[in-house]
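I open this notebook to record what I looked up in one chain, step by step. My entries go from packing to strand pairing and then to empty space.

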Amino acid sequence: MSVIINGTNGISPATWTTAGRPSSPVAGQQGYNTTLNQFEIYSGIAWVAITSQAYTATYLVVAGGGGGGSGFSGGGGSGGFITNSVNLTPSTVYTITVGAGGAGAAANSPASGTSGANSIITSIATATGGGYGGGPSTNGNNGGSGGGGGSNSVGSFGVGGSGTSGQGFAGGNGCLTAPNYGAGGGGGSSAVGVVGTGTTGGNGGSGTASSITGSSVTYAGGGGGGLFSGGTAGTGGAGGGGAGGATTAGTAGTANTGGGGGGGGYSTNYAGGGAGGSGVVILSIPTANYTGTTTGSPTVTTSGSNTILTFTSSGTYTA
């Protein structure tokens, strides 16, 4: 109940904690939430903040990794990796987009993979999808991290794609050296992809560790490069990168790490490339400010004084 204080026009509003909100509120009912330190009003559906007091959250945005090419081909680059802090404005809806991994090239013909898709927190951060791994003699594509270049036994080799500043690194070049013509590894979020040699595919570049969830997890490793008829295929970079193939298909990047897919090898035909791993978006929000209003079914955990939202598919958070 509101009361007049000392005969002035000031009022003392009703107060409650988040746990102690009125059990049967009516539309338009308002008061001061001492847990969140803000005024709020019941909309008829949910409690909505009526102050503009921003609070600080930490985020991690990882885009989808690029797919590997087919047949002695480059590994896919990792998705871009961005982490920072930001002030969130109460009642604002923040849209989360989680980027899909790029497809690996199909078997039986020489081809490049496809690039990964961007992951986004609207108006805050956009991580760029990983570049695809180049097919034989084809350049890797630019991206969050660049895809590796493909190789060939004659003529020319592919050059690794470029990474995006602050998000990832370039892919490695392929080579023309016998007997196995190694393709380049895809770039990772913390290191370039390795150049192929005559007997080895280039390893994928390493990813980056983050402890935003409360424990250390490495994300955004590049895919390993493939070879021609033997040798040692490139390994996937730490952080979900898929391995390349010597005579077999490249392996896929790990889901929700943004790892690049491995480049395919060659035996009697062109083996397929591995798909890139999907991305992820993670928000770490002070529990005292967490509203609980989300869509898209993020995983909700806690770490110390923070509530952690892990989005493995698209959704929203209302601050």
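**Entry 1, the core.** Before listing members I fix the term: a nonpolar core is a set of buried Ala, Val, Leu, Ile, Met, Phe, Trp, Tyr and Cys residues joined through side-chain atoms within 4.5 Å, and buried means under 20% relative accessible area. I note also that I am working with a predicted model. The largest nonpolar core has 22 residues, and those that touch the most other members are Y59, L88, I121, L283, I285 and Y317. I then looked up which elements give two or more residues to this core, and found strand 5 (55-62), strand 6 (81-88), strand 7 (93-97), strand 9 (125-127), strand 12 and strand 15. Strand 5 supplies the largest share, four residues. A second, separate core has nine residues, L60, F81, A220 and I308 among them.

**Entry 2, one core residue.** I picked L283 and asked which residues it is in contact with, leaving aside its neighbours within four places in sequence. The list consists of T58, Y59, I96, I121, T307, I308, L309, F311 and Y317.

**Entry 3, strand 15 and its partners.** Why can I call strand 15 (residues 306-311) largely enclosed by the rest of the structure? The reason is burial, because five of its six residues are buried. On the pairing, I recorded that strand 12 (residues 280-286) runs antiparallel to strand 15 and is joined to it by six bridges, with I282 standing opposite T310. Strand 14 (residues 299-303) also runs antiparallel to strand 15, here with five bridges, and T301 stands opposite I308. Strand 14 and strand 15 form a hairpin with two residues between the strands, in which G304 takes a positive phi near 60 degrees.

**Entry 4, the chain as a whole.** Stepping back, I counted zero helices and 16 strands in the chain. Taken along the principal axes, the C-alpha atoms fill a box of roughly 95 × 25 × 25 Å. Of the 319 residues, 49% count as buried. I also looked at contacts between residues at least 6 apart in sequence, and 49% of these join residues at least 24 apart. The accessible surface comes to about 12000 Å², and carbon and sulfur atoms account for 53% of that surface.

**Entry 5, an open sheet.** I followed four strands that form an open sheet in the order 1-2-3-4, with mixed pairing. Strand 1 (15-16) and strand 4 (47-49) are the edge strands, each pairing on one side only. Strand 3 (residues 38-42) pairs with strand 4 in the antiparallel sense over three bridges, and E40 stands opposite A49 there.

**Entry 6, a loop residue.** I next looked up Q167, which is found in the loop between strand 9 and strand 10 (208-210). Is Q167 buried or exposed? Its relative accessible area is 9%, so I enter Q167 as buried. Leaving aside its neighbours within four places in sequence, Q167 is in contact with G80, F81, I82, T126, A127, T128, G144, S145 and S189.

**Entry 7, empty space.** How many cavities of 30 Å³ or more does a search of the whole structure find? The search finds one, and about 30 Å³ of space lies in the largest cavity. The residues that line this cavity are L36, Q38, Y55, N289, T291 and A319.

Terms used: Residues are numbered from 1 along each chain as its sequence is written. This is a predicted model: local features need pLDDT of at least 70, side-chain atom pairs count only at pLDDT 80 or more; totals for chains, interfaces and linings use all residues. Side-chain values use heavy atoms; hydrogens and water are left out. Buried means under 20% relative accessible area, exposed over 50%, partly exposed in between (1.4 Å probe, protein chains only). Two strands pair if DSSP finds at least two bridges between them. Contact means heavy atoms within 4.5 Å. Accessible areas come from the Shrake-Rupley method with a 1.4 Å probe; for residues, only the protein chains shown count as cover. On a 1 Å grid over the protein atoms alone, a cavity is a set of points where a 1.4 Å probe fits but cannot get out, and a pocket is an open set with protein on both sides within 12 Å along at least five of seven lines; lining residues have an atom within 4 Å of a point. Grid points are joined across faces, edges and corners, and a volume is the space filled by probe spheres set on the points.
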